[in-house]
Structure formats: structure tokens, C-alpha cells
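Subject: Structure handover

Hello,

Here is the structure I said I would pass on. My notes on what was found in it come after it.

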Amino acid sequence: MQVDRYERYWMWAASGMLALFLVAIVVTAVSGGAHPPSHVETINPETLDIGTEFATPGVVTAPDGSLTVVMRAELYVFKPDVVRLPVGRPVRFRITTPDVLHGFQIVGTNVNLTVAPGYVSEGTTTFTEPGEYLVVCNEYCGLGHHNMYSRIVVEAAP
Ligand code: CUA
């Protein structure tokens, strides 16, 4: 088959770009600690207040010292709206919603979860720098979507 020389150049250039983009995706995913959802855990969104950990959202310290943050995303707030955590320790986030689809993104970290009613989303991160981290909802969830945010305050070790 006869392929024009310039057409061949463009085919190679397009293939090269595809390969470059693929490498960029893999490198940023690995270096940023991105990972696909690790498990599927279901929950009845209508009975979150009855005997589940989501009835009282907040920071839970296990006997072995590991930290879990239990959170709720609701129209148009995160509960709790301020979370205080120590620096340099792995933290597991568990979040669900009683109403509609939300997002849970901690800006500047690898935590970026979709929060769907009926499911518990989980993500783990370690805050390496003390400071204030913004949490935003990045799924359009209604008229108050743009006002749906909260804060995580990471405190330096005493
Ligand atoms: Cu919740 Cu957008």
C-alpha cells in the first residue's frame, strides 16, 4: 500500500502523542498515589442514623492507634464541617450520603472519591504538611453545589 510521505509523518506523530499521553497518565497516577476504588460496600441510605457509624460522623481512633474519619456528604454540606488531624499519620476516610451523588476531593492530596447513595466510599492518605486543606464536592449535586465544601486542619505533632 502506498502511503504519502507526509501522511506517514503525521501517523507517526499522532502515535507518538498517544504514547506520550499514556505515559503521562501512568506516571502521574503512580506518583500521585491514585488508585481505583478498592472495595464495594453497600449501605441503606435511608437508615444512616439508625445504628451505623455515620449517625455520629467524626474522627475515630482504633485501639491500635490508626485513624479513620467517618463523614457524610449531604445537600450541601460535609459532616463534620471541620476535621482536625495530626500530621504524618495514615488516615482512612469513609464517606457516604443519604441523598444524591456527591464528590469528595481533598485538594492537594490523592483523595478524590465519588460519593453515591447506597455505597460507602473509602480512601487513604497521609498529610505530610501541617495546614488547612480544602475539601470540595466535585460532582454537580444541585443548586447549592458550589457552596459545598469543608476544611481539614492538619496540626503539627506536639
Ligand atoms: Cu455535593 Cu456537589
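The secondary structure of the chain consists of one helix and eleven strands. In sequence order the pattern is α-β-β-β-β-β-β-β-β-β-β-β, with the helix at the start and the strands after it. The radius of gyration is 20 Å, well over the 15 Å that the globule rule gives for 158 residues, so the chain is more spread out than a compact globule. Please keep in mind that this is a predicted model.

Some overall values come next. Taken along the principal axes, the box filled by the C-alpha atoms is roughly 70 × 40 × 30 Å. Of the 158 residues, 32% count as buried. The chain exposes about 9900 Å², and carbon and sulfur atoms supply 61% of that area. If contacts between residues at least 6 apart in sequence are taken, 58% of them join residues at least 24 apart. As for charge, the chain has 9 positive and 15 negative charges, and the mean positions of the two groups are 5 Å apart.

Now the strand pairing, beginning with β6. Strand β6 covers residues 90-96 and is mostly covered, with five of its seven residues buried. Which strands pair with β6? One is β3 (residues 67-74), which pairs with β6 in the parallel sense over six bridges. Within this pairing, valine 69 has phenylalanine 93 of β6 as its bridge partner. Another is β9 (residues 119-126), which is joined to β6 by six bridges and runs antiparallel to it. Here isoleucine 95 stands opposite serine 121 in β9. Strand β6 is thus paired in the parallel sense with β3 and in the antiparallel sense with β9.

A further set of pairings involves β10. Strand β7 (residues 102-106) and strand β10 (residues 131-136) are antiparallel and share two bridges. Glutamine 105 is placed opposite valine 136 of β10. Strand β10 also pairs with β11, again in the antiparallel sense, over six bridges. Valine 136 appears here too, standing opposite tyrosine 149 in β11. Valine 136 therefore faces glutamine 105 in one pairing and tyrosine 149 in the other.One residue of β11 is worth a separate look. Serine 150 is found in strand β11, which spans residues 149-155. Is serine 150 buried or exposed? Serine 150 has a relative accessible area of 4%; the cut-off for buried is under 20%, so serine 150 counts as buried. Apart from neighbours within four places in sequence, serine 150 is in contact with Met71, Phe78, Asp81, Tyr133, Leu134 and Val135.

Lastly, there are two cis peptide bonds to point out. The bond from leucine 75 to tyrosine 76 is cis, with omega near -5 degrees. Tyrosine 76 lies in the loop between β3 and β4, the latter being residues 77-79. The bond that joins lysine 79 and proline 80 is cis as well, with omega about -5 degrees. Proline 80 is in the loop between β4 and β5, where β5 is residues 82-86.

Regards

How values were computed: Residues numbered from 1 in each chain as written. Predicted model: local features only at pLDDT ≥ 70, side-chain atom pairs only at ≥ 80, totals over all residues. Heavy atoms only, no water. Helix = DSSP H or I, 4+ residues; strand = E, 2+ residues; numbered from the N terminus. Rg over C-alpha atoms; globule rule 2.2 N^0.38 Å. Buried < 20%, exposed > 50% of the residue type's maximum accessible area, 1.4 Å probe, protein only. Contact = heavy atoms within 4.5 Å. Areas by Shrake-Rupley, 256 points an atom, 1.4 Å probe, with all protein chains shown as cover. Lys, Arg positive; Asp, Glu negative; His and termini not counted. Charge placed at Lys NZ, Arg CZ, Asp CG, Glu CD. Pairing = 2+ DSSP bridges.
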